[in-house]
Structure formats: structure tokens, C-alpha cells
Amino acid sequence: KVTPSTSSLRQRLRLPHLSSSNFLDSSQASALKELNSVKLTQEHQEDMSSVEGDDEKVTLVGRIGSALASQTIERLKKEGSRVASMITKGPVSLTLMCLIGGLLTTLSGFFGMFNLLSPLDILPSAYNFVFGLVMIFLEIHHKIGYLGFLYRGIEHWMRVLTTLTGRSLFYFYVGSLFLSRWTFFGILLGMYMCVCGMFSLAVGNAAAQKLQDSQVELNDMESGEKGEFIKKTFNDFDRDGSGGVDANELPNLLKSLGLELSQPEIDSALLILDTNGSGKIDYEEFKDWLMGRDLSFV
């Protein structure tokens, strides 16, 4: 009986021929495969560690940012309180501050109308020139008696400008026009006018609140007693007998009623109580105030 050779059996079974070189190649391949899996594991661990490191950096940056933001907010609150106190208690005359703003607005508009290098600015400059004149007039109209008809015209056609709130918003509007021009001088003047507007509004509201509080203190009096008190108080402080309390007499009158107002608040109080724009508080205006005039909008 003939025994088949090994080669013939491989051919019949179609088995691959395993030589020593093939064995080494398969061993190397498995080793390389294990090495690659180890490398991939190490790279994955490195990526995870780098991601964790990045997360720690982001967390640290977030904490620093939160700390800086909280410090900034606290600082802004302190500065805001200081500015608010300066606004309501400062010695600066509100009228003078707004008068300077009106003068600067007028000069800016006047020179801007002759700027031939920028013809598109001529019309806005003309508006600013007129707005500046209106500001100046509103602040000193009571000292220019022969121009009273202009104030009556403004009171008729633009009554909002005769109120403290309307005037404050007007200053803020003019300031925003200067800011929109985006020039160095325009930005400075715009910021100044916006400050004037906010200053007037803040001081006016503070003065109106104090004036309204004084009405509550007189509510305990009988109507006849209250009328006598109002008449006597008015006559005591109308020392020149002009029939009105002017800016020089108003501070002493307010003190007699227990009201402590700063100079800007006194300026605002005069504007609030002087409803006819005469520059003085006459008896009827004084009486209307103490009898309960609504000061929620001034």
C-alpha cells in the first residue's frame, strides 16, 4: 500500500504551505498588531488627559472671569452711588451747567454751517444751532422780559419743553445727535449733553419727591388753618413785595418748611413750581403746591 506524500495531501486539502518565513511573518504581524493596539491605547489616554487638561483650563478661566465680573459690578455700584450722591447734593448750578451746554451746541452748529468741506453736515449743524439757541433761551428767558412772547410760543407749541422732564429728554436727544456724528468733538459734546439730561432728570425727580413729602406734612391741618399758614409763609418770604418768590428767596422759604435741598435741587424746585415761566413763584403757584398739586410728572 502506497502512502501519499505530504505535498500531495496539502494539494488535495488545499492547505497553505507553512514555511519558516511564513511563520515568522505571521508572528511579526501579530506582534505589530499588539504594538499598534498599545499605541492606540496610549494615544487615547493622552487625548483624554489633554481634554481633561483643557477642561481644567476652561474652568479656571471661567472662575477668573466670574471673579473679575463680580469685582467690576461691585465697583460700578460704588461709583454709581457716588455719582448719584454728587448729582443730588453737588454745589454745581443746574442752570449754569445746562447753559454751558446750550452755548457749546450753538457754537458747534454755527461753525458747522460754514464747513464747506463737508456739505452734508450743513443741515444738521443748522439744527444744532437752533437747538442751542432754544436751550439758552429756556435757561435765561425769565431774565429777558421783552422776549416773553417767545416763551409763550414755546409753551403753546412745544409745551413739553417747559417741563423739567421734557427739557431733560431734549438735552439727551441733542447729545445723541452729536454722538451719532462720531467725531472727537461730537463725542465729547454729546456725552456732556447726555450727562446734562440725566443730571436734570435725576435732580428733578429728587426735588419733586421732597416737595411732595412736604404736602403730606400739611395734610393734618384743617383747610382754613392751612390757608392761613400758606398765606403767612408766602408773605414772610416775599420780602421785596413783588408778589413772587424768586431764586434768592426760595432757599430760605424751603428751609422754613423743613426742606433741605442742594443747589441743583433748588434750581429744579424753581422750575417745577414756576408753572407760568415767570422766573418767580407767585402766590397761586405756591398755594397749588402746598394744597396738593400732583408732582408725579414735572
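**Helix H6, its neighbours and the H3–H4 pair**

Helix H6 is followed by Trp 182, a residue with a positive phi, near 60°. In this predicted model, Trp 182 takes up that positive phi of about 60° even though it is not a glycine. The residue belongs to the loop that links H6 to helix H7 (184–217). Its side of the story is completed by solvent accessibility: Trp 182 has a relative accessible area of 68% and is therefore exposed, the cut-off being over 50%.

Helix H6 itself covers residues 164–181, and its length can be checked with simple arithmetic. With 1.5 Å a residue, its 18 residues should span 26 Å, and the C-alpha atoms at its ends lie 27 Å apart, so the two values agree. Several residues of H6 are buried, and these are Leu 164, Thr 165, Gly 166, Arg 167, Ser 168, Phe 170, Tyr 171, Val 174, Gly 175 and Phe 178. Arg 167 is thus among the buried residues of H6, whereas Trp 182, just after the helix, is exposed.

Attention now turns to a pair of helices earlier in the chain. Helix H3 (residues 94–112) and helix H4 (residues 122–140) have axes that come within 7 Å and cross at roughly 155°. Because angles over 145 degrees count as roughly antiparallel, H3 and H4 are roughly antiparallel to each other. The crossing in which H3 passes H4 is left-handed. On the H3 side, the contact is made by Thr 95, Cys 98, Leu 99, Gly 101, Gly 102, Leu 103, Thr 105, Thr 106, Gly 109, Phe 110 and Gly 112. H4 contributes Ile 122, Ser 125, Asn 128, Phe 129, Gly 132, Leu 133, Met 135, Ile 136, Glu 139 and Ile 140. Sorted by class, this contact of H3 with H4 comprises ten nonpolar, ten polar and one charged residues.

Further along, Thr 233 sits in helix H8 (residues 223–237). Its relative accessibility is 8%, so Thr 233 counts as buried. Beyond its neighbours within four places in sequence, Thr 233 is in contact with Ser 256, Leu 257 and Phe 286.

These local views belong to a chain with eleven helices and two strands. Along the sequence, the elements follow the pattern α-α-α-α-α-α-α-α-β-α-α-β-α. The chain has 298 residues, of which 32% count as buried. Among its contacts between residues at least 6 apart in sequence, 65% join residues at least 24 apart.

Note on methods. Residues numbered from 1 in each chain as written. Predicted model: local features only at pLDDT ≥ 70, side-chain atom pairs only at ≥ 80, totals over all residues. Heavy atoms only, no water. Axes fitted to C-alpha atoms, helices over the stretch in contact; angles between N-to-C directions. Helix = DSSP H or I, 4+ residues; strand = E, 2+ residues; numbered from the N terminus. Parallel < 35°, antiparallel > 145°, perpendicular 65-115°, else oblique. Left-handed = near helix turned anticlockwise from the far one by under 90°. Contact = heavy atoms within 4.5 Å. Nonpolar A, V, L, I, M, F, W, Y, C, P; charged D, E, K, R; others polar. Expected span 1.5 Å × (residues − 1). Buried < 20%, exposed > 50% of the residue type's maximum accessible area, 1.4 Å probe, protein only.
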